Amino acid sequence: MHAQLATVVINAEDIEPLIAFWREFLGVEEASRFPGFVWLKPQQKSGVGLAFQQVVEPKETRRNRLHLDFGVDDLAAVTARVVELGGSKVEDHTIGDFTWHVMQDPGGNEFCLAPHPS
């Protein structure tokens with residue numbers, strides 16, 4: 001018996017700015033909403049969804065123990081889009097000829113953008 005990953009949940013004090021950011025960034029709609037909880041539709045029918053849970057505790061550290069990685073066709077363009085939507089670029093990393101950007105959503109949750117593997 002195996003479990004299937006269905007949803008990644010982001011905890012935040014104020015979920016509404018995060019919902020708006022991630023809906024636009026991922027190009028998805030809201031799937032359902034209950035007080036303190038919002039689920040977004042997955043990008044693909046059998047894909048992993050993203051959800052948000054309202055919490056009262058503030059985020060206490062900069063570095064997340066878990067983060068999302070996104071493969072992109074145009075690293076500069078997608079980085080600019082994240083900033084346009086209210087996110088920010090934290091830092092760049094390069095190993096050999098592979099470069100990726102560490103980003104933050106409006107709530108300070110980190111995620112990475114990297115070119116699709118060739």
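**Group meeting: one sheet, two pockets**

Let's start with a strand pair. Strand S7, residues 98-104, runs antiparallel to strand S8, residues 110-115, and 4 bridges join them. Within this pair, Met 103 stands opposite Phe 111 of S8. A reminder before I go on: this is a predicted model.

Now the sheet around that pair. It is open, with 4 strands in the order S5-S8-S7-S6. The pairing is mixed. At the edges sit strand S5, residues 68-72, and strand S6, residues 88-95. Each of these pairs on one side only. From one strand to the next, the twist averages 25°.

On to the pockets. The largest has a volume of about 540 Å³. It is lined by 24 residues, and the closest to its centre are Ile 10, Asn 11, Ala 12, Lys 59 and Asn 109. Which elements supply at least two residues each to this lining? Strand S1 (7-12), helix H1 (16-26) and S8 do. S1 gives the most, with 5 residues. By class, the lining of the largest pocket splits into 13 nonpolar, 5 polar and 6 charged residues.

Next, the second largest pocket. Its space comes to about 270 Å³. Here 15 residues form the lining, and Leu 26, Gln 43, Val 48, Gly 49 and Phe 70 are the closest to the centre. Strand S4 (49-54) and S5 each supply at least two lining residues. S5 has the largest share, 3 residues. The classes for this second lining: 9 nonpolar, 4 polar and 2 charged.

One link to take away. The sheet contains both S8 and S5. S8 helps line the largest pocket, and S5 helps line the second largest.

Notes:
Residues are numbered from 1 along each chain as its sequence is written. This is a predicted model: local features need pLDDT of at least 70, side-chain atom pairs count only at pLDDT 80 or more; totals for chains, interfaces and linings use all residues. Side-chain values use heavy atoms; hydrogens and water are left out. Two strands pair if DSSP finds at least two bridges between them. Axes are lines fitted to C-alpha atoms, for helices over the stretch in contact, and angles run from 0 to 180 degrees between N-to-C directions. On a 1 Å grid over the protein atoms alone, a cavity is a set of points where a 1.4 Å probe fits but cannot get out, and a pocket is an open set with protein on both sides within 12 Å along at least five of seven lines; lining residues have an atom within 4 Å of a point. Grid points are joined across faces, edges and corners, and a volume is the space filled by probe spheres set on the points. Ala, Val, Leu, Ile, Met, Phe, Trp, Tyr, Cys and Pro count as nonpolar, Asp, Glu, Lys and Arg as charged, and the others, Gly among them, as polar.
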